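The following note is intended for a colleague who is meeting this structure for the first time. The points are numbered so that each may be checked in turn against the sequence and the model.

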Amino acid sequence: MSDSRIRKIVIVGGGTAGWMTAATLARILTTRYCEITLIESDEIGIVGVGEATIPQMATFNRMLGLDENQFIRETRGSFKLGIQFVNWGRIGHRYFHPFGRYGLDMGGVSFHAYFLRMHQAGEAPDIDEWSLQAKAGQMDKFMRSIDAGNSPLSDIAYAFHFDAGLYARFLRRYAEERGVVRREGRITGVNLRGTDGFVESVTMEDGATVEGELFIDCSGFRGLIIEQALKAGYTDWSHWLPCNRAVAVPCASVDSWTPYTRSTAHSAGWQWRIPLQHRIGNGHVFSTDYMSEDEATAILLANLDGEPLAEPRTVPFTTGHRNSFWEKNCVAIGLASGFMEPLESTSIWLIQSGIARLMAMFPDRGFAPAGRERYNRIMLTEFEEIRDFLILHYHATERTDSPFWNYCRTMEIPERLAEKMRVYREHGRVFRENEELFNDTSWFAVMFGQLMQPKGFDPVAEVMSLEETRDRLAHIRQAIANSADYMPAHREFIRQNCAAEAA
Ligand SMILES: Cc1cc2nc3c(=O)[nH]c(=O)nc-3n(C[C@H](O)[C@H](O)[C@H](O)COP(=O)(O)OP(=O)(O)OC[C@H]3O[C@@H](n4cnc5c(N)ncnc54)[C@H](O)[C@@H]3O)c2cc1C
């Protein structure tokens, strides 16, 4: 092996970010290539929230070679077909942001163009009829894709809900079996090299030092190395994403397991509901500029499905990102790199993406700036694209019932989002920009769901006659309804395939 390769990697932090990173490095680089040490402090603990994901998570699990049923069993997880949004466009209104696609694109024209034409003719009131995920979600049904030809059952997109603490434990076992060394204890100092300010080692509470050549900062919001030692700086996005605190509490499970996350808007934020096998995770994300913590807690406790199983816990945060995700020989991953609030379950994806991009630009001991600069540029773009999608939920609303919603509805928004909204308002067109995470289905689901009204439909949809469009849409709707009928109940699917012990 070449002499300049990295020989020692130190991962600081053992939350979801730390163990996902350790597991990947152990899998891809292996500990024959370099030593991998992970330091975590049981006393500090992990943030312990972050339990809903997007479909890309399955790719991560596959890359590690994990058995999906075992993963669900061990994390007491469940399946997710999308997110149900309640009270977002207006109080009393709800919509579903499904994974997968709506209907079928036909003749090179997107399905939602045809749908919008019928909708504007008053013939297709409900877009959910054309999404198997939305339809099955409403019926509490779930199964994985099967080989069923052209049937919608051949292509079921899904993600997971899981217990974050159990997931970290699961990945810890995976990583330790592959040679990752875990050190327990609190880090009290970060030692920088005099010549160039690179990180040389960290000092533990007991006086021991742990040296490394590449440091991965997964220490959570505190950013132990990236911020406290390397002073990367933070860009604050609170003016666009004003929620800055969450109060979280688990509650007892109920009979039916909904295969989706629910997000219910309140007067100064929103509440998540994430069903697991052994409990339901709940949290109220809100802005302290518009609501007190006591009030937010009272609203949360008044809107639970079952008995609370613990005392409510508060997590403060500031939406935004580090000015530099990779600084000198330290790469920040997870909450240490930034946080944009959990509305679309994107943080674990950003961990996954950060790890993948680090592997694509993996340095040697020369730490040439080009790789680092590219990493920082790409991660920034990714944060910004997700940020714009999140802002859309707050901004495109008819709600006028509270100062919080009045602020969100009238705030200035980033130009890229403003342009997307202008384009949609004309002909209902939506686009996926380059490699952005959310595709045109997602943009359409949320713009339509938030009650944005386009002036007209895409003129290209007239390539098909109204009669034929009507027939084809009816056919697709029927195929989706039949498929949803065929699917087993979500709870039954889990019972047969991946039930946790005593769940
Ligand atoms: C309210 C809320 C809801 C969320 N919901 C979702 C969601 O639904 N979906 C999603 O994808 N993401 C969600 N997230 C984000 C998700 O929780 C995080 O991305 C994920 O848990 C990763 O956290 P982490 O590992 O970066 O940090 P943490 O879990 O905070 O881990 C930090 C680690 O660093 C260690 N550490 C810190 N300081 C020291 C020290 N001095 N010495 C030694 N060790 C130290 C700690 O012991 C711990 O092991 C949510 C976040 C919040 C705040």
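1. A polar contact, as the term is used here, is a pair of N or O atoms within 3.5 Å. The model under review is predicted. With that cut-off in mind, a backbone N or O atom of Leu335 lies 2.9 Å from an oxygen atom of the ligand, and this pair therefore qualifies as a polar contact, being within 3.5 Å.

2. Two further backbone approaches to the ligand deserve attention. A polar backbone atom of Ile348 is 2.8 Å from an oxygen atom of the ligand, and a backbone N or O atom of Ser347 lies 3.4 Å from a ligand oxygen atom. How much of the ligand does the protein bury? Taken alone, the ligand exposes 1,000 Å², and the protein buries 97% of that.

3. The surroundings of the ligand may be described next. The ligand is surrounded by 35 residues, of which the closest are Gly14, Val49, Ala52, Ile187 and Ile348. By character, the residues of this shell divide into 18 nonpolar, 13 polar and four charged. Helix α1 (16-28) and helix α8 (347-360) each supply at least two residues of the shell. The largest share, three residues, comes from α8.

4. Glu40 lies in strand β2, which covers residues 35-40. Is Glu40 buried or exposed? Glu40 counts as buried, because its relative accessibility is 10% and the limit for that class is under 20%. The side chain of Glu40 makes a polar contact of 2.5 Å with the side chain of Arg182. Leaving aside neighbours within four places in sequence, Glu40 is in contact with Gly13, Gly14, Trp19, Arg172, Arg182, Arg183, Glu184 and Gly185. Gly14 is thus a contact of Glu40 and also one of the closest residues to the ligand.

5. A second charged residue to examine is Arg117, found in helix α4 (residues 111-120). Arg117 counts as buried, at 11% relative accessibility. Which residue offers a backbone oxygen 2.7 Å from a polar atom of the side chain of Arg117? That residue is Met464. Not counting residues up to four places away in sequence, Arg117 touches Phe457, Ala461, Glu462, Met464, Ser465, Leu466 and Thr469.

6. Strand β15 (residues 269-275) is a suitable place to study pairing. Seven of the seven residues of β15 are buried, so the strand is largely enclosed by the rest of the structure. Five bridges join β15 to strand β14 (residues 261-266), and the two run antiparallel. A hairpin through two residues connects β14 to β15. Strand β16 (residues 280-286) is joined to β15 by seven bridges, again antiparallel, and β15 and β16 form a hairpin with four residues between them. Trp272 illustrates both pairings: it is the bridge partner of Ser263, and in β16 the bridge partner of Trp272 is Gly283.

7. Another sheet, an open one, consists of three strands in the order β12-β18-β21, with antiparallel pairing. Its edge strands are β12 (234-236) and β21 (338-339), each of which pairs on one side only. Three bridges join β12 to β18 (residues 320-322). The bridge partner of Thr235 in β18 is His321. In general, strands of a sheet pair through backbone hydrogen bonds, either parallel or antiparallel.

8. Two loop residues should be inspected for their backbone angles. Ser345 lies in the loop between β21 and α8. Its phi is near 55 degrees, a positive value in a residue other than glycine. Ser345 counts as buried, at 8% relative accessibility.

9. Lys328 is the other such residue, with a positive phi of about 50 degrees although it is not a glycine. Lys328 is found in the loop between β19 (326-327) and β20 (330-332). What is the relative accessible area of Lys328? The value is 27%, so Lys328 is partly exposed, whereas Ser345 is buried.

Conventions:
Residues are numbered from 1 along each chain as its sequence is written. This is a predicted model: local features need pLDDT of at least 70, side-chain atom pairs count only at pLDDT 80 or more; totals for chains, interfaces and linings use all residues. Side-chain values use heavy atoms; hydrogens and water are left out. A residue is near a molecule or strand if one of its heavy atoms lies within 4 Å of it. A polar contact is a pair of N or O atoms within 3.5 Å; within protein, one must be able to donate a hydrogen and the other to accept it, and residues adjacent in sequence count only if both atoms are side-chain atoms. Accessible areas come from the Shrake-Rupley method with a 1.4 Å probe; for residues, only the protein chains shown count as cover. Ala, Val, Leu, Ile, Met, Phe, Trp, Tyr, Cys and Pro count as nonpolar, Asp, Glu, Lys and Arg as charged, and the others, Gly among them, as polar. Two strands pair if DSSP finds at least two bridges between them. Buried means under 20% relative accessible area, exposed over 50%, partly exposed in between (1.4 Å probe, protein chains only). Contact means heavy atoms within 4.5 Å.
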